[in-house]
Amino acid sequence: MIVVCGEALVDLVPQSGESGPGQWRAVPGGGPANTAVALSRLGAPAALLARLSGDVFGRQIRAHLVERGVDLSLAVAATEPTTLAVVALGPSGGAEYAFYLEGTADWAWRAEELPEPSARVSAVHVGSLAAVVAPGAQRLRDWARAQGQSSVVCYDVNARPAVGLDRAETAAQAREWMDLAHIVKVSDEDLAWLEPGRDPLVTAERWVVRHELDLLLLTRGGEGAMALSSHWGDHVTVPGVPVTVRDTVGAGDTFGAAVLARLDDLGRLGDPARLVELDPATVREVLRFATATAALACTTEGADPPERTQVEALLKEAAPA
């Protein structure tokens, strides 16, 4: 089982069409929740470790996740209100966010709410705001460190400058996560914000060496993705998959989910030592699968990841004759 740990919030998305300006639609979201849905769509058993409010938005989130096959047996019933994110979509479909998270459910973790480490957990996926917002971030990190003795830990940096977090503090927390993670997923935009003025690839290379990462996944939007590892010298690069973009909401979350789903297919989760045996050719195949999955997520409105059959059809269509 893959455990996805982090926030499950509501995105307030501008409503297009006949409703006119100033109309908003409440859509369940949050990077970790989107990741759990994407894993379920791809056929990988996923449980969401999150604090779900009992308010109207929290009930909407719970129903949304259950309907999409996400296991909520580890979810905590929280008394705090649901976190809100207001989404603005640019002319090219890119998403920008403004967050309202003061006193909300996602960050109030107590140690006793977190499960005991379990051999049933093949991987832990954690990232986005829950990995850096106090007081819960440190408690989640302590839990992930203990679980990571027998499970692969995947950390999705997913930096959120719109929250107003201090850049230096966010970078320091990212370094702490990378010290315990086996896989790190980061975008070129994340790297540009965390270490401005530096070549993102040079920063990624330095992270791999400094933190002895088994796998670093660098996403580059429509340009594709790259993988680096402390176990082999060459970079593995795959191009983007051309699609008609509706918006990019949830595309990065879908990419990370697809990587874990494919590694699960290949029996590379569970004991972290299995990642050491990964070779560049296998990683390239994993990247192709993840890039196609993320591309399909861009063709729909909001965070709506594809089914595995859709991904396989796109890969077949894109394969050379």
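**A walk from pocket to sheet**

Helix H9 contributes five residues to the lining of the second largest pocket, the largest share. The model is predicted: local features need pLDDT of at least 70 and side-chain atom pairs count only at pLDDT 80 or more, while totals for chains, interfaces and linings use all residues. Residues are numbered from 1 along each chain as its sequence is written, and side-chain values use heavy atoms, without hydrogens or water.

**Stop 1: the second largest pocket**

Select Val241, Arg288, Leu315, Ala318 and Ala319. Of the 15 residues that line the second largest pocket, these lie nearest its centre. A pocket is an open set of points on a 1 Å grid over the protein atoms alone, with protein on both sides within 12 Å along at least five of seven lines; lining residues have an atom within 4 Å of a point. The space here is about 280 Å³, a volume being what is filled by probe spheres set on grid points joined across faces, edges and corners. Now add H9 and helix H10 (308-318), each of which supplies at least two residues of the lining. Helices (H or I, at least four residues) and strands (E, at least two) are DSSP runs numbered from the N terminus.

**Stop 2: the largest pocket**

Move to Ser187, Glu189, Thr248, Ala251 and Gly252. They are the closest to the centre of the largest pocket, among 48 lining residues. Its volume is about 1200 Å³. To see the walls, colour the elements that give two or more residues: S2, H1 (31-41), S8 (95-100), S11 (183-187), H5 (188-194), H7 (251-265) and H9 (280-297).

**Stop 3: the cavities**

How many cavities of 30 Å³ or more are there? There are four, a cavity being a set of grid points where a 1.4 Å probe fits but cannot get out. The largest has a volume of about 100 Å³. Select Val13, Val27, Val249, Gly302 and Ala303, which are the closest to its centre among 13 lining residues. Strands S2 (9-14), S3 (24-29) and S7 (84-89) each give two or more residues to this lining, and S3 has the largest share, with four.

For the second largest cavity, of about 60 Å³, the lining includes Ser128, Tyr155, Asn158, Arg160 and Thr170.

**Stop 4: the open sheet**

Show the eight strands in the order S4-S1-S9-S10-S11-S12-S13-S14, an open sheet with mixed pairing. Two strands pair if DSSP finds at least two bridges between them. S4 (46-49) and S14 (232-238) stand at the edges with a single partner strand each, so one side of each has no neighbour in the sheet. The twist averages 20° from one strand to the next.

Zoom in on the S14 edge. S13 (225-229) runs antiparallel to S14 and is joined to it by four bridges. Alanine 225 has valine 238 of S14 as its bridge partner.

**Stop 5: helices on the sheet**

Turn on helix H6 (200-211), which lies across S11, S12 (215-219), S13 and S14 at about 30° to S13. Angles run from 0 to 180 degrees between N-to-C directions, with axes fitted to C-alpha atoms (for helices, over the stretch in contact). Then return to H9. This helix packs on the sheet and touches S12, S13 and S14, its direction making about 25° with that of S14; contact means heavy atoms within 4.5 Å.
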